[in-house]
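Welcome! Take a moment to turn the model around on your screen, and then read on for a short tour.

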Amino acid sequence: MARKTGAEVLDIGGRKVTVTNAAKVLFPQAGHTKLDLVKYYLAVAEGALRGAGGRPNMLVRYPNGVAGEFFYQKRAPESRPEWVEVVELRFPSGRSAEEVVPRDAASLAWMANLGCLELHPHPVRAADLEHPDELRVDLDPVPGVKWAQVREVAGVVRASLEELGLAGWPKTSGKRGLHVYVRIQPQWSFDEVRRAALALAREVERRAPNLATSKWWKEERHGVFVDYNQNAKDRTVAAAYSVRPTGQATVSAPLAWSEVADCEPEDFTLVTMPKRFRRVGDCHAGIDQTPGSLERLLDLFEKQGEGDAPWPPHYRKQAGEPARVQPSKRRRLPLIEIGRAKKKDDALAGFERWKERHAEAAGHLEPADVLLDQMRGRYTAWYRIRVNLQHVPEKLRPAQEPLDPDENTFSSS
């Protein structure tokens, strides 16, 4: 077969991986190409496989790089090498799909060639798809919250886990947040793991009420949101060593706890991480050695006596779940919607135009009043911007206007 123009064929552990259009630029700002992405994952393969290997992975593909549209692909491509392993998952929706299970560096390179910048594994091993072996703590700062506060909340998470007999393994998210992973014995259901994560989120909020929140609805949040719903079945999180879709190709960097107080997310990129990996190795090398028990966290959930908390909107109503009604509707919060767009930058541009039209009102907004939601459909994501006018004097509050932009965000969902 003739070799395609612009392709590179790599021999990885005795397996041939063709990198098509190898010189294609995926990160225009930094200038990194598809081949650069493949070589990155080969350089950190040991650590990346510790985080995502042996697990079913959803493919999040950026075929035209970070400046283009991306899409979610649960089903493994039918045209794939025979050595790429798959496993069939069944989702809460009732659907099923064969997802990719990377086992070696060649599999990582093959995924990168598809434009998968990130690794998105489920918190289960391929051998047991119903019992997670990982509880995930996602620290998500609301707009305006500084990185120092995220690090401070991470310290509260660490102390809480240690008192409960659990070991947390921190990493940067590669963007504004921080993750703490907890390896657990694979004997609890997804619902039980989520319940344990909710108990932990509430405990962190109790210990640091001015810094952290467990409130699901964005209009109720402040500080750093401890996102317990990342543990719901069918949710995936960018794994350790994942390259994120940012201008400088930042990566989700595993950390030692001693590094958390001084680290900065932008320190870890597609360029710097392989050098760090050669120098210090994988900071999560021991993560699988001491899986913990959720019994004390589940006992804490019962003692807290608060019951369940809201699930993500596309999940079926759960037994014991409180009414799934936004506080803005319950309490008539002065919330208006600005726009909907397929691209985040387009949605933000619409918000800038709104601010120009309503400069006086915009001057009263606080960072947490601007609610940017990534709405995830079956295959694609889109963005919605809303504004909470609670801090704007009533006489200055603009009325709801036609959306700007107002794109057809549902056509490919």
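## A hairpin to start with

Strand 7 (residues 85-90) and strand 8 (residues 96-101) run antiparallel to each other and are joined by six bridges. Strands count as paired here if DSSP finds at least two bridges between them. One of the links is easy to look up: Glu-88 has Glu-98 in strand 8 as its bridge partner. Five residues sit between the two strands of this hairpin, and Gly-94 takes a positive phi near 100°.

## How to read the model

This is a predicted model, in which local features need pLDDT of at least 70 and side-chain atom pairs count only at pLDDT 80 or more, while totals for chains, interfaces and linings use all residues. Residues are numbered from 1 along each chain as its sequence is written, and side-chain values use heavy atoms, leaving out hydrogens and water.

## The whole protein

Stepping back, the protein has eleven helices and 17 strands; these are DSSP runs numbered from the N terminus, with at least four residues for a helix (H or I) and at least two for a strand (E). The C-alpha trace spans about 70 × 50 × 45 Å along its principal axes.

## Inside and contacts

Of the 413 residues, 55% are buried, meaning under 20% relative accessible area with a 1.4 Å probe, counting protein chains only. Among contacts (heavy atoms within 4.5 Å) between residues at least 6 apart in sequence, 70% join residues at least 24 apart.

Key:
Buried < 20%, exposed > 50% of the residue type's maximum accessible area, 1.4 Å probe, protein only.
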